[in-house]
Amino acid sequence: MSRRGETTEETSRAPVVSSSQTDAAEQRKRTTVINVVYLIAAFDITWMFLQFSVTPYLAKKLGFDTLWFGYLQTTVGVIMLFGGPMFGRFGDLFGARAALSLACSATVVFFLLLAIADHPAMLFIHKLPTVFMHVLPACQMVVTDLTEPEKRADALSKLGLCFGVGMIAGSTLGGHLNTRYGETFTACFGAAGSTFSLLLVLKFIPKNTKVQASTTTSTDSESKKKSIFNVGEITRLMKFPGVARTFIVKIVAGLPSGIFQVMFSIIALEFFKLTPEENGYLMAYFGIGQMAYMQNVFQFCLTVMPMMFSLSVFNVITDSMLTKGVPSSDTGTMLGLCASVQSLLRTVGPTAGGFLYVNYGISSIGMIQCVVNMAVFVYLLQRGREKTTEQTK
């Protein structure tokens, strides 16, 4: 009798966990995951820009001219163009941790193949893992899943900050390592760094990050039966209101910048005659925009500032709009489509950029960007006026 009374008394004195405490604990957990994702994104961009300090100079050693280097860049663009949407759908079906693990593993293989590249064909072979190398879109998936729609732009903008930090760190580090220890050591360093990123994913990223995952079990089980390669499921997202228009604006406005980005390595080698270390410093500063008329590195540094600022703001706004325009269960696929935009630009960029550079000089790339962005600005201004007129009626 007394024992039962003791049990009742112990039960009555047991702490009661309120729903507010549970919500606070869940929020802290989400914040921790998001912070780790920021770290993974910064590391990944660091390794990628470290690679940019290797490939152009290794390609030159292996006998690549401007034309063949353009073919190499186009190959990467085509591979990632088809891989982006499929990767995004993979993330929606199997979870963010699986997507991030796949992307980081592919990056490790990418760097190992680069380390042993001693023949022109190997430079093309080492690009094959890029079909899965979508770490940044996978990070965007996690951030999108774990943030409220009204806070999404702010959260995605911090990934842009991680991009800038990684660009500065990777470019500087890659230039130093390549100059002092050579391409092979630098590539091995990138492989080791990517392995560390993979370990962070396995340790900290939960299997499911979709907020509503627990309440949509039947829906999830049905969606898993659908194929990753279901093109109809991917393209149907364009039918949601405003999505197709925003997507087209993203492509058109990003084209000139894409041309410049894929041509930058050639500009650094052929026009500015930079060494790997000097190229690393310039790429680090490139983590800060606009290419206009210029004839030397100093003029480039004066005009580059607004370009990266505008690109960062533009990408955050469009990515946020596009993920809000589709159901939360399809945000990964939409981010994969957004990633494919950059791949599309890398596909057409080398051909268009090479033509402009050879026939009209370096200033033509900046002029094209000015004209295109002015046209997009006029279009958006006109659309804004039309919406205002409709609302006042």
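Is Cys 188 buried, exposed or partly exposed? Cys 188 has a relative accessible area of 39%, and it is therefore partly exposed. The points below concern a predicted model and take its features in turn.

1. Overall composition. The secondary structure of the protein comes to 15 helices, with 0 strands beside them. Of the 393 residues in the protein, 48% are buried, while the surface that the protein exposes amounts to about 19,300 Å², with 66% of that area supplied by carbon and sulfur atoms.

2. Annotated transmembrane regions. The UniProt record, an unreviewed entry, places the feature "transmembrane region" at residues 36-54, 66-87, 99-117, 184-205, 247-272, 292-314 and 357-381. Two of these spans can be set against the model: residues 36-54 are 89% helix and 0% strand, with end C-alpha atoms lying 28 Å apart, and residues 99-117 are likewise 89% helix and 0% strand, with 27 Å between the end C-alpha atoms. As the annotation may be inferred rather than shown by experiment, I would attribute these boundaries to the record.

3. Helix 7. This helix covers residues 135-146, and its 12 residues reach 17 Å from the first C-alpha to the last, which is close to the 16 Å expected at 1.5 Å a residue. Helix 7 is mostly covered, since 11 of its 12 residues are buried. The buried set includes nonpolar names such as Val 135, Met 141 and Leu 146, and also Gln 140, Thr 144 and Asp 145.

4. The salt bridge. The structure holds 1 salt bridge, and it is formed by Lys 61 and Glu 183, whose closest N and O atoms are 3.1 Å apart. The pair links distant parts of the chain, with Lys 61 in helix 3 (residues 55-61) and Glu 183 in helix 8 (residues 152-204), 122 residues apart. The two partners differ in their cover: Lys 61 counts as exposed because its relative accessibility is 61%, whereas Glu 183 is buried because its relative accessible area is 12%. Side chains of opposite charge can pair when their charged atoms come close.

5. Cysteines. The count of disulfides comes to 0. Cys 104 is in no disulfide, and the nearest cysteine sulfur, that of Cys 139, is 7.3 Å away, whereas a disulfide would require the two sulfur atoms to lie within 2.5 Å. Cys 104 counts as buried because its relative accessibility is 2%, and Cys 139 is listed among the buried residues of helix 7. Cys 188, with which this note opened, is partly exposed at 39%.

6. Helix 15 and its nonpolar patch. Val 378 has its place in helix 15, which runs over residues 363-392, and counts as partly exposed because its relative accessibility is 49%. Together with Met 374, Phe 377 and Leu 381, Val 378 makes a nonpolar surface patch of about 390 Å². Ser 364 also lies in helix 15, but this residue is buried, because its relative accessible area is 10%. The C-alpha atoms of Ser 364 and Gly 353 are separated by 9.3 Å, and the two residues stand 11 residues apart along the chain.

Conventions:
Residues numbered from 1 in each chain as written. Predicted model: local features only at pLDDT ≥ 70, side-chain atom pairs only at ≥ 80, totals over all residues. Heavy atoms only, no water. Patch = residues over 30% accessible without salt bridge, like charges linked within 9 Å, V, L, I, M, F, W, Y side chains within 5 Å. Areas by Shrake-Rupley, 256 points an atom, 1.4 Å probe, with all protein chains shown as cover. Salt bridge = Lys/Arg side-chain N within 4 Å of Asp/Glu carboxyl O. Helix = DSSP H or I, 4+ residues; strand = E, 2+ residues; numbered from the N terminus. Buried < 20%, exposed > 50% of the residue type's maximum accessible area, 1.4 Å probe, protein only. Expected span 1.5 Å × (residues − 1).
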